[in-house]
Every structure is written in structure tokens, then in C-alpha cells.
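Colleague: Give me a close look at one part, please. Which residues line the largest pocket?

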Amino acid sequence: MTDAMKCPACSSEHAYQDRDLWVCPECGHEWSGAAEAAADTAQATGVRDANGNVLTDGDSVIVIKDLKIKGSSSVVKGGTKVRNIRLQDASDGHDIACKIDGIGAMNLKSEFVKKA
């Protein structure tokens, strides 16, 4: 039996489908299996920070460790706050585009930031 057929409220395995809803006969809880599947997909595809929080465009983040800038002797210090990030699809893992005061425009990996 899959998790979609188990009741999310009481974990009963006796849930049954009634048209578009799943119903638990033990606790009376009703839920939509399609809504849960869509929510799981959205969670899996979202960009997450180092703590697992979902990031969105316009968020502010804090760099959690010192990051060397490739091709320069500059360093982005841990604790630096970055405002108004933009998420992007990148094959190299740099999924955040931003501007950092004193350094300029750059791309960051979401695993090195936490949501502010």
C-alpha cells in the first residue's frame, strides 16, 4: 500500500477513495491525493538553502561561510547579507544570481546561504 492511501492524520491503512477524495473511516479525515502529489513535486523542485528552507525570487539570504571569488583575491565573508536574490536554472550548481555590495554581480550556490 502506498503512502497516498494512508491517512495523513492517523496513518490508518484503511483509507478508501470516494470520487476525488480519500476518506479515512477511523478518524473521518478527508484529503485530496492529487493536491498532495502536487505539493510533493513543488517541494522537490524548489531551490533550498543550507537549512532546507525554500528560496524564492526577492528573498534576502546570508552567506554562511567565506567564499573565494574565482579569478580574484577578494573573499565574500561569512555573515554577509545579500538582498533581492534571483533564482536561475544552472547546470553548474550556481542557482542564485545576486549583487553583493563592494563586490558586484555574481552567482552563488544555494548550499552556502541561509534564508535571512
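Modeller: Strands here are DSSP runs of E, at least two residues, numbered from the N terminus. Bear in mind that this is a predicted model: local features need pLDDT of at least 70, side-chain atom pairs need 80 or more, and totals for chains, interfaces and linings use all residues. Numbering starts from 1 along each chain as its sequence is written, and side-chain values use heavy atoms, leaving out hydrogens and water.

Okay, the pocket (an open set of 1 Å grid points where a 1.4 Å probe fits, with protein on both sides within 12 Å along at least five of seven lines). Its volume, the space filled by probe spheres set on the points, is about 240 Å³. Lining it (an atom within 4 Å of a point) are Leu67, Lys68, Ile69, Lys70, His94, Met106, Asn107, Leu108, Lys109 and Phe112. That's a mixed wall: five nonpolar, two polar and three charged residues. Strands β5 (67-68) and β10 (104-108) each bring at least two of them, and β10 has the largest share, with three.

Now follow β10 further. Met106 and Leu108 line the pocket, and they're also among the residues that touch the most other members of the largest nonpolar core, alongside Leu55, Val76, Val82, Ile85 and Cys98. That core (buried residues, under 20% relative accessible area by a 1.4 Å probe, joined through side-chain atoms within 4.5 Å) has 15 members. β4 (61-63), β9 (96-100) and β10 each supply at least two, with β9 giving the most, three.

Definitions and conventions: Helices (H or I, at least four residues) and strands (E, at least two) are DSSP runs, numbered from the N terminus. Ala, Val, Leu, Ile, Met, Phe, Trp, Tyr, Cys and Pro count as nonpolar, Asp, Glu, Lys and Arg as charged, and the others, Gly among them, as polar. Buried means under 20% relative accessible area, exposed over 50%, partly exposed in between (1.4 Å probe, protein chains only).
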